[in-house]
Amino acid sequence: MRSSEEADGVEGEAAGASMMSAAGSPYQPTTEPVLPGRRLHLRCDTDYLRSSFGLLKLLQVLLALIAFICIETVKECLPCGGLYLFEFVSCTAFVVTGVLLLMFCLNLHTKVPQINWNLTDLINTILSALLFPIASIVLTAMNHKRSGEIAALVFGYLSSAAYLFNSYLAVRVWRLSDRRPAAVQASEYTRARSESRGEVEGRPEVQRLDE
């Protein structure tokens, strides 16, 4: 009997010691709340696609892609400088404009507010409007009258016209938005002056007591 009681006592002491050592250990199991993950809700902005800028950007992507495909069908060239320049310009315009179209169409530009997407779009449009005509003119002077080169030139000049028209609209909108804050400040200043003048005119004149 005594041996069994002693064994029970030893086991109790061992269990208490293990509990104390576990309580004093710096590596304690922690239960942290699991935060719900942020879901990226993608929604196609049909209003942007129906706008003039959305339609122009979609047209630019299609024209640049077709121009790049046409120039890729040319297998032989000598010299090849004009062909390589046209390849680079059409491929770059297709990729960059396509990415911007996806960013604006899916409202992904609102997820990255650190980048000025309107300015990025304006720079890409102006550069493409300058480089596409240059590449098309160089290819016109250096082509070998092959069907692929002629088709690429047709779509290259169409892309140039689309980017030039888009640049005109973008610069026009930018100038109007730049003038609007000044007009708003002028109207607010005029309204403040009229209100203050009305308050001064509405005050009764204080007559002097000695008169």
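Me: Which residues is N166 in contact with, leaving aside its neighbours within four places in sequence?

Reply: In this predicted model, N166 touches F53, L56, K57, Q60 and T125. N166 itself belongs to helix α6, residues 147–202.

Me: What makes N166 count as buried or exposed?

Reply: The relative accessible area of N166 is 1%. Buried means under 20%, so N166 is buried.

Me: OK, on to the rings. How many aromatic pairs turn up in the whole structure?

Reply: A search of the whole structure gives three. Take Y48 and F104: their ring centres lie 5.7 Å apart, with 35° between the planes.

Me: Why is the pair of Y48 and F104 called tilted?

Reply: Look at the centres, then the planes. Ring centres within 6.5 Å make a pair, and 5.7 Å meets that. For the planes, under 30 degrees would be stacked and over 60 edge-to-face, with the rest tilted. At 35°, Y48 and F104 fall into the rest, so the pair is tilted. Y48 sits in helix α2 (residues 46–50) and F104 in helix α4, 56 residues apart, so to speak a link between distant parts of the chain. Both Y48 and F104 are buried.

Me: And what makes F132 and Y163 a stacked pair?

Reply: Their planes are 25° apart and their centres 5.9 Å apart. Stacked needs planes under 30 degrees apart, and 25° fits. This pair also joins distant parts of the chain: F132 comes from helix α5 (residues 117–142) and Y163 from helix α6, with their positions 31 residues apart. F132 and Y163 are both buried. They also share one aromatic cluster with F86.

Me: How do you know that the length of α4 agrees with that of a helix?

Reply: Helix α4 has 25 residues, 81–105, and at 1.5 Å a residue they should span 36 Å. The expected span uses one less than the number of residues. The C-alpha atoms at the two ends are 36 Å apart, which agrees. After α4 comes N107, with a positive phi near 60°.

Me: Why are α4 and α5 called roughly antiparallel?

Reply: Two packed helices are described by the angle between their axes and the distance between the axes. For α4 and α5 the angle is about 155° and the axes are 9 Å apart. Angles over 145 degrees count as roughly antiparallel, so α4 and α5 are roughly antiparallel to each other.

Me: Which hand does the crossing of α4 and α5 have?

Reply: Left-handed: that is how α4 passes α5.

Technical notes
Residues numbered from 1 in each chain as written. Predicted model: local features only at pLDDT ≥ 70, side-chain atom pairs only at ≥ 80, totals over all residues. Heavy atoms only, no water. Helix = DSSP H or I, 4+ residues; strand = E, 2+ residues; numbered from the N terminus. Buried < 20%, exposed > 50% of the residue type's maximum accessible area, 1.4 Å probe, protein only. Contact = heavy atoms within 4.5 Å. Phe/Tyr/Trp six-rings, centres within 6.5 Å; stacked < 30°, edge-to-face > 60°. Axes fitted to C-alpha atoms, helices over the stretch in contact; angles between N-to-C directions. Parallel < 35°, antiparallel > 145°, perpendicular 65-115°, else oblique. Left-handed = near helix turned anticlockwise from the far one by under 90°.
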